[in-house]
Structures are given as structure tokens and as C-alpha cells.
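Dear colleague,

Please find the structure below, handed over for your use. The findings follow directly after it.

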Amino acid sequence: MKTAFILEDTPESHVWLSEVLQMSFPDIAIISAHNIAQAISLVAASAPLDIALIDLSLPDGSGITVIEWFNRHSPHTICVVASIFDDDNHIFPALRAGAHGYLLKDQPQAAIVQALNGIVTGQPPLSPAIARKMLRHFHAPYNVPTRELLTEREKEVLSIIAKGMTMAETANMLGLKRNTIAGYVKEIYRKLNVSSRAEAAISAQQMGLI
């Protein structure tokens, strides 16, 4: 792997993914974009790329659009989704569009590096949770527990953290203390009956908050 592309609109996540690529493939050259329009313009003018890490939730649409572009114009580029979403509505459309792998950003860096290194030996880069989801794809859906209503402030906090913002960044945006945001997040998790940022983000999408 000599050349890579990152499509990610959150600065913190962009830095994190860049570090992952450097650890996976030392000396790899990286180009990046922050939205779909910029991404297509940039990759169309670039030499063929070896690998692309693509976020799905972007300011001007879904990263699936860029995956489809690579599938049509640069099929040898290995497209890997890097997302917080682990639901069927994100996983399977991305794979149908031509993604070669799907990694969750809530994993440790070492786990992502190991998954990317597996590409060299022909192993698909899939987070364990995504692999399990694929195996359960044809099972009957389970009943979702009734959820308590969120307050307007809780909805505001949820909409921000669902976009990948840290609690510190969320606190700065809302002019609140980090501990206050942590309290809101704890209450949001309790009300939604979830235990991770990825699950909370799915709920936020279902509620129309992102």
C-alpha cells in the first residue's frame, strides 16, 4: 500500500484515521477530503489510489456516493468504510455499493491496524461486530424496548455526539462543563437502552436528529 485517501469531516477522527494508516502502512502517502464534492473532485484528478477510508455521514450526503464512484472509475482501490454506524441501513448499502470492508471507529487503533494489515493476506477488513451482524442478517428482527422521551437538551447533546464529537468538544460547543455533558450522555444511554456511542448514533438517526 503506497497511496491512501481519507474522507472524513471531523478533524479529530481524520487525525485518528491518518495515524491508523501510518501505523498499518509506514510511509504511505495520504490525501484527504472533508465532503463528497471535494472528495470526487480530488480523487478524479489523482493517480490511482491503493486504499480509501470513507466515512458515511458527511455534510453533503452519504459516503456511499464516493464508494460508488470508486467502484465505477477506480475498481482496484480498496474502499473501507470507517464509521460509527453498525446498523443494517448503513452496512449493507455500503457493501452493495462496492465497499471491501467495514470498520467501526469505536475500536482501539490496534484493532483497526490489525484489520487493515489483513488486506495484504486477503482478509476482508471487518470489525467483529460487523461480521456478526452480517451472519445474523437473515434472522428475524428482535423487538426494540420502549424508550423514554429525551429532553430538548438531551436531543441536542445526542445530535452532536452522534456526529463523532467528543464530550469535551460537545461541552465547548454548548458552553457547558465536560462533567455536565457526561451526565447528559449517561442519561441518554439509559433512556435509549444503549451502551455505546455507535448505538446512540443509530438512535439519533432513527429520531431524525442527524
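Beyond its neighbours within four places in sequence, Asp55 is in contact with Leu7, Glu8, Asp9, Gly63, Ala82, Ser83 and Lys105. Please note that these contacts, like everything below, come from a predicted model. Asp55 lies in the loop between E3 and strand E4 (57–58). Its relative accessible area is 6%, under the 20% limit, and Asp55 is therefore buried. An unreviewed UniProt entry places the feature "modified residue: 4-aspartylphosphate" at Asp55; such an annotation may be inferred rather than shown by experiment.

Turning to the interior, the largest nonpolar core has 45 residues. Phe5, Phe70 and Tyr102 are the residues with the most contacts inside this core. Helix H3 (residues 64–73) supplies the largest share of the core, 5 residues. A second, separate core has 18 residues, including Val20, Val80, Ala82 and Ile119.

Within H3, the residues Ile64, Val66, Ile67, Trp69 and Phe70 are buried. Which elements do the buried residues of H3 pack against? They pack against strand E1 (3–7), helix H2 (36–44), strand E3 (51–54), strand E5 (61–62), strand E6 (78–83) and H4.

Tyr102 deserves its own entry. Not counting residues up to four places away in sequence, Tyr102 touches Leu56, Val80, Val81, Ser83, Phe85, His90, Ile91, Ala94, Pro125, Leu126, Ser127 and Ile130.

Two further residues may be of use to you. The first is Ser24, which is placed in helix H1 (residues 11–24). Is Ser24 buried or exposed? Ser24 counts as buried because its relative accessibility is 8%, where the limit for buried is under 20%. The side chain of Ser24 reaches the backbone oxygen of Val20 at 2.8 Å, and Val20 is itself included in the second core. Ser24 also touches Val113, Leu116 and Asn117, with residues up to four places away in sequence not counted.

The second is Arg96, which lies in helix H4 (residues 88–97). With a relative accessibility of 65%, Arg96 counts as exposed, since the limit for exposed is over 50%. The C-alpha atoms of Arg96 and Ile67 are separated by 9.7 Å, and the two residues are 29 residues apart along the chain. Ile67, for its part, is one of the buried residues of H3.

Yours sincerely

Definitions and conventions
Residues numbered from 1 in each chain as written. Predicted model: local features only at pLDDT ≥ 70, side-chain atom pairs only at ≥ 80, totals over all residues. Heavy atoms only, no water. Core = buried A, V, L, I, M, F, W, Y, C linked by side-chain atoms within 4.5 Å. Buried < 20%, exposed > 50% of the residue type's maximum accessible area, 1.4 Å probe, protein only. Helix = DSSP H or I, 4+ residues; strand = E, 2+ residues; numbered from the N terminus. Contact = heavy atoms within 4.5 Å. Polar contact = N/O pair within 3.5 Å; in protein donor to acceptor, adjacent residues only side chain to side chain.
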